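The following exercises introduce a protein model through its overall form, one helix and its core. Please look over the sequence and structure before attempting them.

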Amino acid sequence: MQIEIVKDYEALSKKAANIIASQIVLKPQGVIGLATGSTPVGTYKELIRMNKEGLISFSNITSFNLDEYYGLGADDDQSYHYFMNENLFNAIDIKKENIHIPNGKASDVGAECTRYENRIKEAGGIDLQLLGIGQNGHIGFNEPNENFEPLTHLVNLDSDTIKANARFFDSIEEVPTQAISMGVKTILSSRKILLLASGENKAEAMYKMIKGKVTPKLPASALQLHHDVVVIMDEAAASLL
Ligand code: PGA
């Protein structure tokens, strides 16, 4: 694990965008795994700037998002489809047909999970997967559990996650209670992983992810098993290390 501690969110966003941009320059037809949440928004802003300035092109990039709320359609403004369109896709030159996000409205969830895994394989696997981390140590929506869920699956969201995500909704009752998420093996199969953490509320999870033992009770600890993980965190997120 390569750990980089930077001063603040702005520095984190710039550094993360530079790593993603160099991956795109090295492999313009590559496959990038993307994340939602507050953390990557600054990184996406930087990538949009670089795209507009002609420094990078997404025209041959394929993307796979980590997860989607179960029950929300792509046009629902709380869906991760909507989030990605607003915060990245609408502002860059990626082709719509190269964007992949689990279908939160799938009537057969099992078939949707299998389809998603197969699409990742057909695309040649993920070259670089971007991750945030939950305060409870989740990656994607892999919540603390007794076992690591390997593949894309339907998840019951943790009460901590529902509380943390309520800030995006009018009330906590509106937060979906289930999601479709890549599994831990899906994530670990990526050739390179870039995890971002900002703010003091992530400090405990970061401490456990880096210094603790590998356990499904802190899903991000599984990243200790991967050979090419870059972690970028600001000083607040690193405050317990
Ligand atoms: P955040 O979410 O970026 O909004 O803090 C991260 C996550 O829950 O994985």
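**Exercises on a predicted model**

In this predicted model, residues 24 or more positions apart make up 79% of the protein chain's contacts with a separation of 6 or more.

**Exercise 1.** Determine how the radius of gyration of the protein chain relates to the globule rule.

*Solution.* Begin with the elements: the protein chain contains seven helices and ten strands. Next, take its radius of gyration, 17 Å, and set it beside the 18 Å that the globule rule gives for 241 residues; the two are close, so the chain is as compact as a globular protein of that length. Finally, 54% of the 241 residues count as buried.

**Exercise 2.** Establish how the buried residues of α1 are arranged around its axis.

*Solution.* First, list the buried residues of α1: Leu12, Ser13, Ala16, Ala17, Ile20, Ala21, Gln23 and Ile24. Viewed down the helix axis, the buried residues lie within an arc of 160 degrees, and therefore they line one face of α1. Val25 and Leu26, on the other side of α1, are exposed. Lastly, identify the cover: the buried residues of α1 are covered by elements including β1 (2–6), α2 (41–52) and β10 (229–234).

**Exercise 3.** Identify which members of the largest nonpolar core touch the most other members.

*Solution.* The core has 69 residues, and those touching the most other members are Tyr44, Phe89, Leu194, Leu195, Met206 and Met209. Helix α1 (residues 9–26) supplies the largest share of this core, six residues. Now consider Met209: beyond its neighbours within four places in sequence, its contacts include Met1, Ile133, Leu195 and Val231.

Terms used
Residues are numbered from 1 along each chain as its sequence is written. This is a predicted model: local features need pLDDT of at least 70, side-chain atom pairs count only at pLDDT 80 or more; totals for chains, interfaces and linings use all residues. Side-chain values use heavy atoms; hydrogens and water are left out. A nonpolar core is a set of buried Ala, Val, Leu, Ile, Met, Phe, Trp, Tyr and Cys residues joined through side-chain atoms within 4.5 Å. Buried means under 20% relative accessible area, exposed over 50%, partly exposed in between (1.4 Å probe, protein chains only). Helices (H or I, at least four residues) and strands (E, at least two) are DSSP runs, numbered from the N terminus. Contact means heavy atoms within 4.5 Å. The arc is that of the directions from the helix axis to the C-beta atoms. The radius of gyration is taken over C-alpha atoms; the globule rule is 2.2 Å times the number of residues to the power 0.38.
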